[in-house]
Amino acid sequence: MEETLDELNVTLKNTQIRMDKEVNLLKQWIASMMISISKEEESAAELELKARVFHFGEYQGDQQDTMLESLNHKVLEVYRKCVGMQQEANLGTVQMLTVVERQLDELLENLERVPQVKIEQAEKAKERERRMRLREEKAMMQKQLQEERLQRARARAQAKIKKKRGRKLISRSHPPVIKVKEVREQTLINKDKEEMLFFFT
């Protein structure tokens, strides 16, 4: 009984490890698929805009062909990342998109079966990776800025100093402002005259 119990424990642990690996792989697939979906949505928006322009006759036929070719290359790139090179059999653009969509549906169904705790752990791990990547990018940017500052300082230090010869030019001074004397006395005399005229005439 003990031997069978030990065997069951070992098989249970092996199964758990295998399931964890499969869950991690599925999560990675889902993340890559979400990225490719966002890229495809962006390209779809661009193509919709370009289709409207084509509709109004802005582009010629050869330009339309080049646009369709670039779209086909982008779809092929997404298809190879999602499905792989081995299943490529000269499929059309729409067929490749249907295969990618079918695979995405399967991955989303598998994701629903994964326990919520595992998903939260994977999200936390991804968030940690994202923060680390942002920190590294910020450190790189600061290092580049510091190097640029050092280069500018070296260039200033190595530049020739231009010596100014002669006296320093000074702006011309303005003449003093002549203050006009207030004529208060005159106004008082005028007031007196007005009162005299008002009261005695």
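## The largest pocket

In this predicted model, the largest pocket has a volume of about 320 Å³. Its lining is made up of 13 residues, and those closest to the centre of the pocket are Lys27, Gln28, Ala122, Glu123 and Lys126. Sorted by class, the residues of this lining comprise seven nonpolar, two polar and four charged.

Two helices, H1 (2–55) and H4 (116–158), each provide at least two residues of the lining of the largest pocket. In terms of domains, at least three residues of that lining are drawn from domain 1 (8–59), and at least three from domain 3 (115–157).

## The second largest pocket

The second largest pocket has a volume of about 270 Å³, and 14 residues line it, with Ser36, Lys39, Glu40, Val78 and Lys81 lying nearest its centre. The classes in this lining are four nonpolar, three polar and seven charged residues.

Helix H1 and helix H2 (61–82) each supply at least two residues of the lining of the second largest pocket, and H1 makes the greatest contribution, with nine residues. Where does this pocket lie with respect to domain 1 (8–59) and domain 2 (60–85 + 97–113)? Because both domains give residues to its lining, the second largest pocket lies between them.

## A salt bridge between helices H1 and H4

The count of salt bridges in the model comes to three. One of them joins Lys118 to Asp20, with the closest N and O atoms 2.8 Å apart. Lys118 belongs to helix H4 and Asp20 to helix H1, so this pair ties together parts that are 98 residues apart in sequence. Helices H1 and H4 are also the pair named above for the largest pocket, to whose lining each supplies at least two residues.

Are the two partners buried, exposed or partly exposed? Lys118 has a relative accessible area of 22% and is partly exposed, while Asp20, with a relative accessible area of 23%, is partly exposed as well. Since the buried class is reserved for values under 20%, neither Lys118, at 22%, nor Asp20, at 23%, falls into it.

## Salt bridges within helices H2 and H4

Within helix H2, Lys81 forms a salt bridge with Glu77, and the closest N and O atoms of this pair are 3.7 Å apart. Lys81 and Glu77 are four residues apart in the helix, so about one helical turn separates them. Lys81 is exposed, with a relative accessible area of 57%, whereas Glu77, with a relative accessible area of 46%, is partly exposed. Lys81 also has a place in the picture of the second largest pocket, where it is among the residues that lie nearest the centre.

Within helix H4, Arg130 forms a salt bridge with Glu127, and here the closest N and O atoms are 2.5 Å apart. Arg130 and Glu127 are three residues apart in this helix, and about one helical turn again separates the partners. Arg130 counts as partly exposed at 37% relative accessibility, and Glu127 likewise counts as partly exposed, at 28%.

Technical notes
Residues numbered from 1 in each chain as written. Predicted model: local features only at pLDDT ≥ 70, side-chain atom pairs only at ≥ 80, totals over all residues. Heavy atoms only, no water. 1 Å grid on protein atoms, 1.4 Å probe; cavity = no way out; pocket = protein on both sides within 12 Å on 5 of 7 lines; lining within 4 Å. Points joined across faces, edges and corners; volume = space filled by probe spheres on them. Nonpolar A, V, L, I, M, F, W, Y, C, P; charged D, E, K, R; others polar. Domains from an automatic or database assignment. Salt bridge = Lys/Arg side-chain N within 4 Å of Asp/Glu carboxyl O. Buried < 20%, exposed > 50% of the residue type's maximum accessible area, 1.4 Å probe, protein only.
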